[in-house]
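Here is a short report for a newcomer. Start with the view below, then read on.

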Amino acid sequence: MATTLDPVTLSVIQNGLIQVCNEMDLAFVRAAFSPVISETLDRSDGIYHRETGALIAQGDLGLPVFVGTMQFGTQEVIRRARAIEPGDMFVVNDPYLGGTHLMDVRFVKPFFYEGELFSWLANTGHWPDTGGAVPGGFSATATEVEQEGLRLPPVKLFKKGEMDEEILSIILSNIRIADQRIGDIKAQAAALTVGERRLTVLVDRYGRDTVEEAIVELRTRAERQMRAKIAQIPDGVYEGQAFVDSDGVVDEPLRIAMKITKKETDLTFDMSGSSPPCQGPMNSVIATTKSSIYLAMKHIFPEVPINAGTFAPLAIVEPGGTFLYAEYPRPVSGCAAEVSQRIAEAVFAALTPAITDLLFAAPAGTSGNFALGGHDPMTGRSYVMYLISGGGYGGSLDGDGMSNGCSTIGISKTTPIEIIEQRYPVLIEEYALHEGSGGAGEKRGGFGVRYRVKLRRGKARASFVMDHGRYGPQGALGGGDGGVNRVLVKRGGETYIPPHLSKDQDIHIAEGDTVSVCTPGGGGFGDPLERDPALVEADVGRGYYTVDEVADLFAVVIDAATLTLDAAATEARRAARRGRAAE
Amino acid sequence: MASQSKVVGVDVGGTFTDLILMDADGGDIRVAKVPTTMDNQAFGVLAALEETGVPLDEVRSLIHGTTATTNALLERKTSAAGIITTRGFRDVLELGRRTRPQRYGLKGHFNPLISRERRFEVSERMSAEGEVLVELDEEEVRDAARALLDLGCESVVIHFFHSYINPIHERRAADIVAEIWPNGYVTMGHAILSEYREYERGVTGAVNAAIQPVLDRYISRLRDGLAERSYKHDLLVMQGNGGTVSSTIVVEAAVKTIMSGPASGVMAAAYTAKDAGMPNVITYDMGGTSCDAGLIRDGVPQVNSELELEYAMPIHVPMVDVHTIGAGGGSIAFVDDAGMLQVGPESAGANPGPICYGRGGERPTITDANLVLGRLDPKALLAVENPVSLDAVGAIFERDIGRHLGLDAAGAAAAILRIANDRMAGALRLVSLSRGHDPRDFALFAFGGAGPLHASALAKELGIPRLLVPARPGITNALGCLVADVRHDYVNTVNAPVMDLDIERVHAILAEQVAEGRATIEREGVEVTGITVLRSADMQFLGQSHILTIPLSGEEVTRQELQEGFEAAYWSRFEVELPEIRSVLVNLHTAVIGKRKDVPLGALAHANGADGKSTAARRVWFEAGWAETPIYRREQLPTGAALGGPAIVEQLDSTIVVEPGDRLEADARGNLIITVEGG
């Protein structure tokens, strides 16, 4: 059906809808208490179709991993909702109902225009705690979802605009540090109220019929744009893989097998060769699995707007029988933060040979969650501290990877050390570049971070949900892998390294003990022997690599005393290396 | 000896150096516009002064806005700086806060302002409470300073953890470095910004160090040039906070001159609008590549301390809050893969520029759209060296835009205009609605060469009832220099719950901030007629990380005032009440403002005695269709002249479009006040 809308009105309504979502994003983040929302921006807001729940618009400022899940979550609420009235608002965090993990709590609100249901507004925010075995919810050893926290089916937390105090009291009785959660609940609800006001103004302005027509047309156009992008990929079958270190319970890697078939303007993603469901919390619910593929494609084609049409050309074969299709009661706390990033990595790895100019070697791709829960004898209060961290990005045709980039699924900043030290009884003794961690390549990977935290007072328990401890982020087209993630605890003069390397929980530490973390570097891109020796010399001059490391990784000879390049020796070394490779 | 009665404002922009010279009594007024001399901006300033023909010994003060520091920073043409920092943290400036340049796409580049070989660590450590955990190793400081000098560093920043709460180590280290540092370019992080967040404070300090020598050399050249011409009086420099500072001390906190250009425009707007009886205005400046929006409430421009000049370059000193988007006259329009019309942010810039400049530009821009629609004078097309015909411009519009959207050239141009206006309206909404201000309570102050072309349409879109176009929209920044007051800002972090607040300490900090401001003004020796003090507090609920800023009535603030002021501000911003949670005082701000003599704006009015008749007419496109539209010359509109839209008023530095149904009046100060239809 050809639209009767003029192109300008269409553009203006598109901007208007996104602006409504941006306003919700901003209101939420500025009023929130959870640092995971206010600093880490672990939240998202959107508008959804009144019957199908299909995504109409999402804010520019939302967390990438929620790109697809919010649509699935809203659809589950619509399916169950009865007797909807203006002012009602559902709360839900059930992972199996279109969610991620329990900590991502969704609010879903019907939006009425002149008394009739027009659409749904929804947002997701990561709460710092929803109960369960460990503070923060990232239990590395949970074997069923009940150990991970309180699970809420869609229930009306607000009825006709009034908060249901009974439901609220159930929630507050089951979570830690409940006193601040009321602030987050009000902020999350207020954001949807802002959306309601702004959307009313928009529909008033252009008229109900025009806005509805625009929504249909925008969906068609986003699909058309995505198909135009996909057309750049040559027809064929592309395969890639990625590994999760372990599930936290059984010390074995989990494999993601990604087979992508490109035909005309359609892509089909088949992950059926992946590992079976796991005992520990590294299972992914299907909503998160799909969302991870969506966000990977958005990283490859950033210009395409986000609505349901964008994803129409992406067919995902439901990977039943694998850990990427978790069913109740499989534990899932690691799916949003870690498994999602490995899925994206497998997509990148598969498509790099097909569209080399758009892609990049693997990024560090871990959220680097480190939670420390304890009691401060000086203030008499309990606390839960979260440190997240970035890592190196992969090299690409555009240049070397960036250092300490944000996780693939995130957009957040880390909390300043000075603020951490003001809030918690810790001293951060070092926060430095993880030297040597950038994967070797013609364009090398960026570097991860190395930090060390000392407990100043009292006792505490440390938990980690990280990844890439066993295998570094993969290099591309001959590039080397990035450096691995490392965790090292020194307690009572003894060194402890988690058996699963990147995942552990409830490590007891006391005053004076330290926790050291090194995060992964990005993968290298292209043959390291092709890297300009002058750039290698500069890297050594800055202490990014040692003289020995570059001799090995890049076959570049640097004089150890003067740190200057020995061009002739480098040439000879590279020739010998190439000769050996040719044999 | 001649009477020293003249004041001069000079703004060095990216393309032109603009100057206004005015007699303090409002008599004589001269303006000059000369090309900016990029290599040594002082030449352009001196050339502009010469162009006025007024001897320098008649000038009492010269106020100067410069892009020298902002440009040096953006182009990374700064001097070699080094850093001495707390052991364990030399990479803070390189690691940032784990970000990426774009939300989607895992590529990008970032070069730290100070590269790794120029970053040195020394033993010292302060706790978050300000107690010394590790004593300062003075010998290491000396060694680090020597090593930096050996590496050819010209300036150095000393950046220690928690120095905002206890600066003794930074001070001691600075003393040690100063003993061997040859030129005085030694920055202490806490002295520039006494606020927590090690990356932001570190970058702000590093920026200061990196541009200090650049600014010093520039100011010296200018002072020398002026001295050669026997100028002995005040030379003031604009700062990003919208105030001025004496050139004798500007180099100490060089970072404060960043973004002074946009700030001076907003200051001129505040002054002009207040003078015209409109204390609440939204400012809208549109130039060749971008448009800037700001907000002025009760005559005071909003100030923000969280500027990010470019990706990962936060500069956290107070600056006039200006929101910039990439929509200017040169912004390019195109149709994307989805068949949607997009305008900007890519710009044709000055070269090749819009198609109509005749310099080889071949892609439709906003300026070209205005031309196709008769909003700009098509005759001006012929005034360029290699003229392009209107038909040729139209053909490109049909080819690039119209064909894809089923529109003719004019239809395509109209569509571009509406998309551009929609984006710019978004920027204006962001500084008003998104921050809790209703645009209907404001007037729109339009300036810059292109601002007045679009302002009337934007005002209608946003429900803004009135528009103010100043006498000389194209040289507003230079006027801002002329009218700005001397201003110094201070911030100190407190970070304590209001309930447990040591209120005596709050009073002491506020008193100290004022004392420091007064002493600085004294030291500058600039003539001021009085001193005003503005105080405010950054607050939050315990556990939050974002802050809300509330004004304070005075130094003797009470806990109750803080509590109630914050709750009220929170309610008006979020409509949320949180009696369950304690509130926290985060930072205390004081601005000490030395009032400079008033400038009589009436002098800016154009020559009087003209008849106010239209000089020409042409067909112009409006939303309702094409209309034969009378054209007026600005200088021929006498005080009190009134006319109704549609109309176009042309002047040397701008073109003003009056939409059908709007009413225009010329006031006694040379402003045009446009009442928007239905406003």
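Helix α5 of chain A, residues 178-206, lies across five strands of the same chain: β1, β3, β4, β5 and β6. The helix runs at about 145° to β5(A). This is a predicted model.

The strands crossed by α5(A) have these residue ranges where given alongside the helix.

| Strand of chain A | Residues |
|---|---|
| β3 | 89-92 |
| β4 | 104-113 |
| β6 | 155-159 |

Now the sheet. Seven strands of chain A make an open sheet, ordered β2-β1-β5-β4-β3-β6-β7. Their pairing is antiparallel. The edges belong to β2 (55-58) and β7 (162-163) of chain A. Each has a single partner strand, so one side of each is left without a neighbour in the sheet.

Strands of a sheet pair through backbone hydrogen bonds. Take β1 (residues 43-49) and β5 (residues 116-126) of chain A: seven bridges join them, and they run antiparallel. A:Tyr48 has A:Trp120 in β5(A) as its bridge partner.

What about chain A as a whole? Chain A holds 13 helices and 20 strands. Its C-alpha atoms fill a box of roughly 80 × 65 × 40 Å along the principal axes. A compact globule of 583 residues would have a radius of gyration near 25 Å, and chain A agrees, with 25 Å. Buried residues account for 61% of chain A.

Last, the core. The largest nonpolar core has 378 residues. B:Val156, B:Ile416 and B:Leu444 have the most contacts inside this core. Beyond its neighbours within four places in sequence, B:Val156 touches residues including B:Ile83, B:Leu148 and B:Trp181.

Terms used. Residues are numbered from 1 along each chain as its sequence is written. Chains are lettered from A and ligands numbered from 1 in the order in which they are written. This is a predicted model: local features need pLDDT of at least 70, side-chain atom pairs count only at pLDDT 80 or more; totals for chains, interfaces and linings use all residues. Helices (H or I, at least four residues) and strands (E, at least two) are DSSP runs, numbered from the N terminus. The radius of gyration is taken over C-alpha atoms; the globule rule is 2.2 Å times the number of residues to the power 0.38. A residue is buried if 20 or more other C-beta atoms lie within 10 Å of its own, exposed if 12 or fewer, and partly exposed in between; C-beta atoms are placed from the backbone. A nonpolar core is a set of buried Ala, Val, Leu, Ile, Met, Phe, Trp, Tyr and Cys residues joined through C-beta atoms within 7 Å. Two residues are in contact if their C-beta atoms, placed from the backbone, lie within 7 Å. Two strands pair if DSSP finds at least two bridges between them. Axes are lines fitted to C-alpha atoms, for helices over the stretch in contact, and angles run from 0 to 180 degrees between N-to-C directions.
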